[in-house]
Amino acid sequence: SEEQIRKSSQLQAISDLRRTETTEQKQPILDRMKAEDLLADANLWKIDLKAVDLREANLQKADLRECNLYKANLWQARLQYTDLRGANLNQITFIRVNLQNANLDDTNLENADLRSSHLQHVSFIKANLKGADLRGADFEYADLRGVILENVKLHQTNFMNALLPDGILVKAPTDMGRFTNEKHPHFHTTYERIQFVRKQIGIED
């Protein structure tokens, strides 16, 4: 069947990816997978994908756990229901990306670019977003418990109905400075609260 042929092609491409070492070697394989729509639901667990170009790729329901996507470009990619737990997303380009219902628990998103991204219903438990650009991003119904938001850029960022780092559900506009600005008068108190919440949900530093 067509699905069996697709699965066979996908598994061969993933095998080729795992055998290669450099971004230059991986990029043509990824380009072919993207063109043939072989990235959706692909098991890419723990593959080194640093600095790859996956702009506008369809990665829905893919397994990207513990992948290294340092400085990768996923501009306007589709990642609904994707599993990214434990991935290195440091300095990734996630502009206008659709991550709805994805799992980004325990990811490193330090200095990531998430401008105008769709992050509704995303789980970010214990993620590090320090220095990330979140302008225009939509975090509605996202789970941000235990998340580091220090020095992020916020403008027209929507946190309505999201669970904040201290476990509080947003039902009205709130002062995010207590999470983002280390000079905020309540920053350290909140930090202690975050540590408390982390212990409650089974996270040990």
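This report describes a predicted model of one protein, going from the whole chain to a few of its residues.

## Confidence in the model

Because the structure is predicted, it helps to begin with how confident the predictor is. The average pLDDT of the protein is 93, and 95% of the residues reach a score of at least 70. Confidence is highest in helix α2, which covers residues 23-35 and has a mean of 98, whereas it is lowest in helix α4, covering residues 187-200, where the mean is 68.

## Overall build

The protein contains four helices and zero strands, so that, read from the N terminus, its elements follow the order α-α-α-α. The radius of gyration is 18 Å, close to the 17 Å that the globule rule gives for 205 residues, and the protein is therefore as compact as a globular protein of that length. Measured out along the principal axes, the C-alpha trace spans about 60 × 30 × 30 Å.

Of the contacts between residues at least 6 apart in sequence, 13% join residues that are at least 24 apart.

## Surface, interior and charge

Of the 205 residues in the protein, 48% are buried. The area that the protein exposes is about 10300 Å², and carbon and sulfur atoms supply 47% of this area.

The protein carries 28 positive and 30 negative charges, and the mean position of the positive charges is 1 Å apart from the mean position of the negative ones.

## Two residues with a positive phi

Most residues other than glycine have a negative phi. Against that background, which residues are worth a look in this model? Lysine 71 has a phi near 60°, a positive value in a residue other than glycine, and glutamine 91, which is not a glycine either, has a positive phi of about 60°.

Lysine 71 is placed in the loop between α2 and α3 (177-180), and glutamine 91 is also placed in the loop between α2 and α3. Lysine 71 counts as partly exposed because its relative accessibility is 45%, a value that lies between the limits of 20% for buried and 50% for exposed. By the same reasoning, glutamine 91 counts as partly exposed, because its relative accessibility is 32%.

## Two buried residues in the loop

Is phenylalanine 94, which lies in the loop between α2 and α3, buried or exposed? With a relative accessibility of 1%, phenylalanine 94 counts as buried. Leaving aside neighbours within four places in sequence, phenylalanine 94 is in contact with several leucines, namely Leu74, Leu79, Leu89, Leu99, Leu104, Leu109 and Leu114, and also with Asp113, Arg115 and Ser117. Between phenylalanine 94 and arginine 55, which are 39 residues apart in sequence, the distance from C-alpha to C-alpha is 9.2 Å.

Leucine 134 lies in the loop between α2 and α3 as well, and it is buried, since its relative accessible area is 0%. When residues up to four places away in sequence are not counted, leucine 134 touches Leu114, Leu129, Phe139, Leu149, Val152, Lys153, Leu154 and Thr157. Leu114 therefore appears among the contacts of phenylalanine 94 and among those of leucine 134. The C-alpha atoms of leucine 134 and valine 122 are separated by 14 Å, although these two residues are 12 residues apart along the chain.

Definitions and conventions. Residues are numbered from 1 along each chain as its sequence is written. This is a predicted model: local features need pLDDT of at least 70, side-chain atom pairs count only at pLDDT 80 or more; totals for chains, interfaces and linings use all residues. Side-chain values use heavy atoms; hydrogens and water are left out. pLDDT is the predictor's confidence in each residue, from 0 to 100. The radius of gyration is taken over C-alpha atoms; the globule rule is 2.2 Å times the number of residues to the power 0.38. Buried means under 20% relative accessible area, exposed over 50%, partly exposed in between (1.4 Å probe, protein chains only). Contact means heavy atoms within 4.5 Å. Accessible areas come from the Shrake-Rupley method with a 1.4 Å probe; for residues, only the protein chains shown count as cover. Lys and Arg count as positive and Asp and Glu as negative; His and the chain ends are not counted. The place of a charge is taken as NZ of Lys, CZ of Arg, CG of Asp or CD of Glu.
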